[in-house]
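Please examine the sequence and the structure shown below. The paragraphs that follow lead through its charged pairs, its aromatic rings and its nonpolar core.

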Amino acid sequence: MQAGSFGSNSINVNSFEAFYQGWLQRQEHFLNELTTFDQESEEDVMRNLISRILAHYQEYFEEKSKMSHINVFYMFSPTWFTPLEKSFLWIAGFKPGLAFPLVMNSVNDLSENQVERINRLRIETRIEEKNLMDKLVNIQESVAAPPLIGVAQQYGIEMLPDSEIGEVDEEMETLRRAVEDVVTAADRLRTRTADNVVGILSPLQSLRFLKGAAQLQMRIRMVGMQREAERRHQMDTYNG
């Protein structure tokens, strides 16, 4: 990593933010499709829609992985999220275990076997979540790193004497690689958990689950943007 590299990624950040805005628009289209979906449709039609939605999420994770490789620290306090959305972040993304209350709230016809399998998956996921959090904490403690949120802004390598730049660069690169590995593992857990949930549910139940997930995401974003608009209005009123 080159000195000052944290300050030279604005183009990449802007590129990802533009991708995310387009991704959200497509997410709204999928939500509309889920809302108006004919529940009497053939199973093949349902499976096609499920496949397209999962591919849509996979596209997000692939682009996120590219951005994380450039500067993983941005993913812990992304400028393209509102403060409310940031409050839901867990290792640079939604917590995998969030899938389970979504299932229970959106699917009301689970069989006993499905409930049992969902509960087993919930326990397995919770264990993996804890392991990843422990790993992240150990990484920060091992290199005496500052909190990950805002670490890119705190880097300030241009303020260091030339004799110290090399040492800090090496430490930050070690931290970056370790954190990127954890974020990658967390994203895999997110996608694997969703895939496993869909694998337990019937096609129609899966569509209800995916609809609930999309509704929650869009509702959090809408409320977050409304709060930000109100805050800016209050600030403008105060300053005026």
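Arg47 has a relative accessibility of 45% and therefore counts as partly exposed, since that class lies between under 20% for buried and over 50% for exposed. In this predicted model, Arg47 forms a salt bridge with Glu43, and their closest N and O atoms are 2.9 Å apart. Both residues belong to helix H2, where they stand 4 residues apart, about one turn of the helix. Glu43 is likewise partly exposed, with a relative accessible area of 42%.

Such pairing follows a general principle: side chains of opposite charge can pair when their charged atoms come close. The structure has 15 salt bridges by the rule applied here. Another of them joins Glu59 to Arg26, with 3.6 Å between the closest N and O atoms. Glu59 lies in helix H2 and Arg26 in helix H1, so this salt bridge ties together parts that are 33 residues apart in sequence. Glu59 is partly exposed at 31% relative accessibility, and Arg26 is partly exposed with a relative accessible area of 31%.

A further salt bridge brings together the side chains of Glu128 and Arg192, at 2.5 Å from N to O. This pair links distant parts of the chain, for Glu128 is in helix H5 and Arg192 is in helix H7, 64 residues apart. In addition, Glu173, Arg176, Arg177 and Glu180 are joined into one network by salt bridges that share partners.

The aromatic rings come next. There are 9 aromatic pairs in the structure. In one of these, Phe16 and Tyr60 are tilted, with 6.2 Å from centre to centre and 55° between the planes. Phe16 lies in helix H1 and Tyr60 in helix H2, 44 residues apart, and the pair thus links distant parts of the chain. Phe16 is buried, at a relative accessible area of 4%, and Tyr60 counts as buried at 11%. Tyr60 also pairs edge-to-face with Phe61, at 5.4 Å centre to centre and 65° between the planes. Ring pairs link a cluster that includes Phe16, Tyr60, Phe61 and Trp80.

Which residues touch the most other members of the largest nonpolar core? Among its 56 residues, they are Phe16, Tyr20, Tyr60, Ile91, Val179, Val197 and Phe209. Several helices each supply at least two residues of this core, among them H1, H2 and H8, while H7 gives the most, with 10 residues. When neighbours within four places in sequence are set aside, the contacts of Phe209 include Ala99, Leu102, Val197 and Leu201.

How values were computed
Residues numbered from 1 in each chain as written. Predicted model: local features only at pLDDT ≥ 70, side-chain atom pairs only at ≥ 80, totals over all residues. Heavy atoms only, no water. Phe/Tyr/Trp six-rings, centres within 6.5 Å; stacked < 30°, edge-to-face > 60°. Buried < 20%, exposed > 50% of the residue type's maximum accessible area, 1.4 Å probe, protein only. Core = buried A, V, L, I, M, F, W, Y, C linked by side-chain atoms within 4.5 Å. Contact = heavy atoms within 4.5 Å. Salt bridge = Lys/Arg side-chain N within 4 Å of Asp/Glu carboxyl O.
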